[in-house]
Each structure stands twice: as C-alpha cells, then as structure tokens.
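Welcome, and thanks for taking a look at this one with me. Please have the sequence and the model open side by side as we go through the report.

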Amino acid sequence: MKYSNIKYLDHSNGAGLRTSLFVSGCSRHCPGCFNPETWDFNYGNEFTDDVKELILRSLAPDHISGLSILGGEPFEWENQIALLFFLSDVKYYYPEKSIWIFTGYTFEELLLKARFSVITNGLLHTIDVLKDGSYMADQHISGNQFYGSSNQRL
C-alpha cells in the first residue's frame, strides 16, 4: 500500500486533534474529488513498518483523539489488508482512541462487500466512525466540518 500524506495534529478530519493518513489509490474517480492525485495506486510513498511506527507514536499523547483514514479510497481491495492489520494494531495499543474512515462508498455498499470479504468485514468492525458517500457537487453544502454534500453521512 502507498500513502500520499500524513497530517499530524489534524483538526479537520474527525473529532478532536488527530493523526490523518491519506492512502493512495481510488477507482471511483468522483467528479469534484478534493484529492484526485491520490487516484493513482502508485502515488506517494510506501507504507512501511517505520511509517506505521511513526503514526503509532503520534497517537500516544493524551491530547490526540485518534486516527483518521482518508484517500484515495481506504476500501479499495488493494488497501484493505494493510489497513486491517494496521488498524488492529492501533486498537490494540490505543483502545481509547477513535478510528474514523472517510469513504466514497455508502455504508450499504460496504455491507454488501463485507458479505463476501472477511477483510472488509474486519475493517468495518475495527473502526468507530464511518463517513460514507461520494462528494456530489449538485448536493454541495457549506459549513459542515466533515462532509461537503448532503448525501454523505457519519
């Protein structure tokens, strides 16, 4: 798996101060995507053990509320296995920290995927908050911190 960015002390992508990991790769190519460079599965850097360790250490302080995963698309098959193992470690070391995933899929689409994949099912059971739904410019809303169109849900 590759990632495009890591934001430490991020207050825009979940409740409280967080670490946010932006994974690479997305086949959805939603019009109006805020991060189209991450559609490429080869964009960015390798998600190595050293990177995982840096993120785990960033979650240690009490003032950090948790970890957010964005993209690209976290629920692409190419990203799911690495994320499941990593997020399981996050939950093991920091059970009090929340894990948010931002996805273009709807929850219902993910439930269908989970029926056929223990990995997808595992990811859904590991996270605390799911922001679902593709951004739709014709349903744009302003002033909401966590999503940009009215079809999206937390």
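## A tryptophan to start with

Let's begin at Trp-100, which counts as buried because its relative accessibility is 7%, and buried means under 20%. Keep in mind throughout that this is a predicted model. Trp-100 lies in strand S5. Setting aside neighbours within four places in sequence, the contacts of Trp-100 include Asn-13, Gly-14, Ala-15 and Arg-18. Leu-67, Ser-68 and Ile-69 are also among its contacts, and the list goes on to Val-129, Phe-146 and Leu-154.

Another handy landmark is Val-23, which is 77 residues from Trp-100 in sequence. In space, the two C-alpha atoms are 13 Å apart.

## Overall build

Stepping back, the protein has four helices and six strands. Following the sequence, you will meet them in the pattern β-β-β-α-β-α-β-α-α-β.

How does the radius of gyration of the protein fit that of a compact globule? For 154 residues, such a globule would come out near 15 Å, and the protein has 15 Å, so the two agree. Along the principal axes, the C-alpha atoms fill a box of roughly 40 × 35 × 30 Å.

Of the 154 residues, 47% are buried. Taking contacts between residues at least 6 apart in sequence, 65% join residues at least 24 apart. The protein exposes about 7,900 Å², with carbon and sulfur atoms supplying 55% of that area.

## The nonpolar cores

Now for the interior. The largest nonpolar core has 28 residues, and those touching the most other members are Leu-21, Ile-55, Leu-67, Ile-69, Phe-75, Phe-86 and Leu-87. Two or more residues each come from strands S1 (2-10), S2 (17-23), S4 (64-70) and S5 (98-102). Helices H1 (49-58), H2 (77-93), H3 (107-116) and H4 (118-126) likewise each give two or more. Which element gives the largest share of this core? That is H2, with five residues.

Phe-86 is a good residue to click on here. Beyond its neighbours within four places in sequence, Phe-86 is in contact with Phe-47, Lys-52, Ile-55, Leu-56 and Leu-67. Apart from the largest core lies another one of five residues, and our opening residue Trp-100 belongs to it, along with Leu-70, Phe-102 and Phe-146 among its members.

## A nonpolar patch outside

Some nonpolar side chains are found on the surface too. Tyr-8, Leu-9 and Leu-54 form a nonpolar patch there, and together they have about 290 Å² of accessible area. Leu-54 lies in helix H1 and is partly exposed, with a relative accessible area of 43%.

## Salt bridges

The count of salt bridges comes to six, and three of them are worth a visit. The first stop is in helix H1, where Asp-49 forms a salt bridge with Lys-52, the closest N and O atoms being 3.4 Å apart. Both residues lie in H1, three residues apart, which is about one turn of the helix. Asp-49 is exposed at a relative accessible area of 59%, whereas Lys-52 is partly exposed at 23%. Lys-52 is also one of the contacts of Phe-86.

Next, Lys-91 forms a salt bridge with Asp-128, with 2.7 Å between the closest N and O atoms. This pair links distant parts of the chain: Lys-91 is in helix H2, and Asp-128 is 37 residues away in the loop between H4 and strand S6 (129-131). Lys-91 counts as partly exposed at 21% relative accessibility, and Asp-128 counts as partly exposed at 43%.

The last stop is Arg-153 and Glu-108, whose side chains meet in a salt bridge of 2.7 Å, N to O. Arg-153 lies in the segment after S6 and Glu-108 in helix H3, so this pair ties together parts that are 45 residues apart in sequence. Arg-153 is partly exposed, with a relative accessible area of 36%, and Glu-108 is partly exposed, with 45%. Asp-132 comes into the picture as well: salt bridges that share partners join Glu-108, Asp-132 and Arg-153 into one network.

Conventions: Residues are numbered from 1 along each chain as its sequence is written. This is a predicted model: local features need pLDDT of at least 70, side-chain atom pairs count only at pLDDT 80 or more; totals for chains, interfaces and linings use all residues. Side-chain values use heavy atoms; hydrogens and water are left out. A nonpolar core is a set of buried Ala, Val, Leu, Ile, Met, Phe, Trp, Tyr and Cys residues joined through side-chain atoms within 4.5 Å. Buried means under 20% relative accessible area, exposed over 50%, partly exposed in between (1.4 Å probe, protein chains only). Contact means heavy atoms within 4.5 Å. Patches are made of residues with over 30% relative accessible area and no salt bridge: like charges are joined within 9 Å, nonpolar side chains (Val, Leu, Ile, Met, Phe, Trp, Tyr) within 5 Å. Accessible areas come from the Shrake-Rupley method with a 1.4 Å probe; for residues, only the protein chains shown count as cover. A salt bridge is a side-chain nitrogen of Lys or Arg within 4 Å of a carboxyl oxygen of Asp or Glu. The radius of gyration is taken over C-alpha atoms; the globule rule is 2.2 Å times the number of residues to the power 0.38.
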